Amino acid sequence: MTDSADAVRAEVAEWIAGHWDPEMPLARWRELLADSGWACPAWPRQWCGRALPGELAAAATEALRSAVVPGPAEGVGMILVAPVLIEHARDELKRQFIRPTVTGEISWCQLFSEPAAGSDLAGLQTRAERDGDEWLVTGQKVWSTGAATAGFGLLLARTDADVPKHSGITAFVLPMRQPGVQVRPLRQMNGHSSFNEVFFDAARVPASYVIGEVGGGWTVARAALAHERRLAVFPPLPEASGRAWREAIDQRTAAAEPHKWYPQRAGRPDLVIPQAHAVEGPVSPVVRQEIARLIELVCSARWMAERTAAARAGRPGPEGSLGKLASSKIARQAARVHTMIAGASGMLAGPGSLLGGVVAEILVSVPGISIAGGTDEIQRNIIAERILGLPREPDISKDVPFRQVRAG
Ligand SMILES: Cc1cc2nc3c(=O)[nH]c(=O)nc-3n(C[C@H](O)[C@H](O)[C@H](O)COP(=O)(O)OP(=O)(O)OC[C@H]3O[C@@H](n4cnc5c(N)ncnc54)[C@H](O)[C@@H]3O)c2cc1C
């Protein structure tokens, strides 16, 4: 009976003792994990979970981690797509996609932003037209992280231009590997290549791959964005041996390759104090003051996140915008302090540079955190309207048929 954190930990430990073998293939282990419900303990029982409330689910996840066994698959499929499918898709679609996402059999990307529709996502122009048992998708997405390797995309497309913009959007599961989909990687200013442009030329989507209702895509989009604002990070990998861990580490290394800069995007506050100790001579009182400000920001953001998690029992809400905004502030302050400590040498990359070029990479990666998953300004709008209850931002295109709205 899993009614206390201790009981949950004991049950997880007993289950691991009966099933874990470090030499088993990773895929087999993740199947067992998914079918036991310990893969995602907060999710419903029929979808790889145990329907545990937030605190007990956290105890189960912690018990898996402390037993040093690999968890479920990682990435956008787990953070964003599977939760959205659980909340909005029909059972047939859930059956088809949730378990293979948890086991890592399939991978995902998010196909939302377009060249003229980022903050104004509801102004998107990629269209899907019904053709018998399929939809044909035509248009372009951009900034699609991981699209070059993903097997499926969570797509938003316009299915009706004769109704106001929020009402004519539908969410789909789009198979990426097909002739109608072309992916072109983009090169970023930090030298990495995580984003892609994705072009659709009558790409085919089965009619059964609609998530929720036709025309109900905006509800799905809002749910996805709320999950995305929780900004998941890859947890550290333990020192472990055996076939399952070797495969998990290989998988993580390959998946994380285009995202190697993500820790730098967060400003690396963890490196600030070691850097301050490493400089010759005393650090100036001005720099010390800025370091104290950074620590203050990091601590208050952590407490705020804990308070929000406790209050919402794991369900995402507009408070996620506070956390996202706090991450941007922390990243910018950390970049500022790194610059104060390193001086001009912080701009150098390549052999012999400070921390192997990490400080330089922080400086060109930090702007990304204020943009991804909704810009800082958009988070402020959400906080103003949905937490503080201030009047909504005027939008003259909101109530007219999309066809009459000037694109972009
Ligand atoms: C690291 C990273 C990963 C990403 N991954 C993905 C992905 O996988 N899939 C995907 O679909 N997209 C992805 N994106 C795209 C991201 O969601 C968009 O870049 C973001 O929503 C902003 O849209 P935009 O770039 O079109 O900027 P715009 O919307 O053109 O904004 C330009 C500027 O105007 C401001 N602005 C716009 N509207 C308002 C307003 N109403 N009030 C106040 N200010 C406003 C913005 O804050 C910004 O400063 C990613 C972006 C980054 C940086």
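1. Gly71 has a relative accessible area of 25% and is therefore partly exposed. The model is a predicted one, and Gly71 sits in its loop between α3 (54-66) and α4. Setting aside residues up to four places away in sequence, Gly71 touches Arg30 and Leu33. Pro22 is 49 residues from Gly71 along the chain, and the two C-alpha atoms are separated by 13 Å.

2. Val68 belongs to the loop between α3 and α4. Its relative accessible area is 32%, so Val68 is classed as partly exposed; the class runs from 20% to 50%. The C-alpha atom of Val68 is separated by 37 Å from that of Met189, with their positions 121 residues apart along the chain.

3. On the overall fold: the protein has 13 helices and 8 strands. Its radius of gyration is 23 Å, and the globule rule gives 22 Å for 408 residues; the two values are close, so the protein is as compact as a globular protein of that length. Along the principal axes, the C-alpha atoms fill a box of roughly 70 × 55 × 45 Å.

4. How much of the protein counts as buried? The figure is 46% of the 408 residues. The accessible surface comes to about 20500 Å², and carbon and sulfur atoms account for 55% of that area. As for contacts between residues at least 6 apart in sequence, 72% of them join residues at least 24 apart.

5. Charge is split into 44 positive and 44 negative groups. The mean position of the positive charges and that of the negative charges are 4 Å apart.

6. The largest nonpolar core is made of 77 residues. Within this core, the residues with the most contacts are Leu85, Phe97, Val102, Val173, Leu174, Phe200 and Ile211. Helix α4 (residues 76-88) is the element that gives the most to the core, contributing 7 residues.

7. Which residues does Phe97 contact, once its neighbours within four places in sequence are left aside? They are Leu85, Ile106, Trp108, Phe152, Val173 and Tyr209. Two of these partners, Leu85 and Val173, are themselves listed with Phe97 among the residues with the most contacts inside the core.

8. There is also a second, separate core, which has 12 residues. Val283, Val287, Ala301 and Val337 are included in this second core.

9. Gly180 is placed in the loop between β5 (169-175) and β6 (181-185). Is this glycine buried or exposed? Its relative accessibility is 9%, so Gly180 counts as buried, the limit being under 20%. Not counting residues up to four places away in sequence, Gly180 touches Phe199, Phe200, Asp201 and Ala203. Of these, Ala203 is 23 residues from Gly180 in sequence, yet their C-alpha atoms are 4.1 Å apart in space. Another of the contacts, Phe200, is among the residues with the most contacts inside the largest nonpolar core.

10. Ala202 is worth a check on backbone geometry. Its phi is positive, about 50 degrees, although Ala202 is not a glycine. Ala202 is part of strand β7 (residues 196-206). With a relative accessible area of 32%, Ala202 is partly exposed.

11. Arg268 likewise has a positive phi, near 45 degrees, and is a residue other than glycine. Its location is the loop between α8 and α9.

12. In helix α12 (residues 358-365), the buried residues are Val359, Ala360, Glu361, Ile362 and Ser365. What do the buried residues of α12 pack against? Their partners are the helices α8 (262-265), α9 (272-278) and α11 (320-342).

13. Lys324 is a residue of helix α11. Its relative accessible area is 1%, so this lysine is buried. Lys324 and Leu32 lie 292 residues apart in sequence, and their C-alpha atoms are 34 Å apart in space.

Definitions and conventions
Residues are numbered from 1 along each chain as its sequence is written. This is a predicted model: local features need pLDDT of at least 70, side-chain atom pairs count only at pLDDT 80 or more; totals for chains, interfaces and linings use all residues. Side-chain values use heavy atoms; hydrogens and water are left out. Helices (H or I, at least four residues) and strands (E, at least two) are DSSP runs, numbered from the N terminus. The radius of gyration is taken over C-alpha atoms; the globule rule is 2.2 Å times the number of residues to the power 0.38. Buried means under 20% relative accessible area, exposed over 50%, partly exposed in between (1.4 Å probe, protein chains only). Contact means heavy atoms within 4.5 Å. Accessible areas come from the Shrake-Rupley method with a 1.4 Å probe; for residues, only the protein chains shown count as cover. Lys and Arg count as positive and Asp and Glu as negative; His and the chain ends are not counted. The place of a charge is taken as NZ of Lys, CZ of Arg, CG of Asp or CD of Glu. A nonpolar core is a set of buried Ala, Val, Leu, Ile, Met, Phe, Trp, Tyr and Cys residues joined through side-chain atoms within 4.5 Å.
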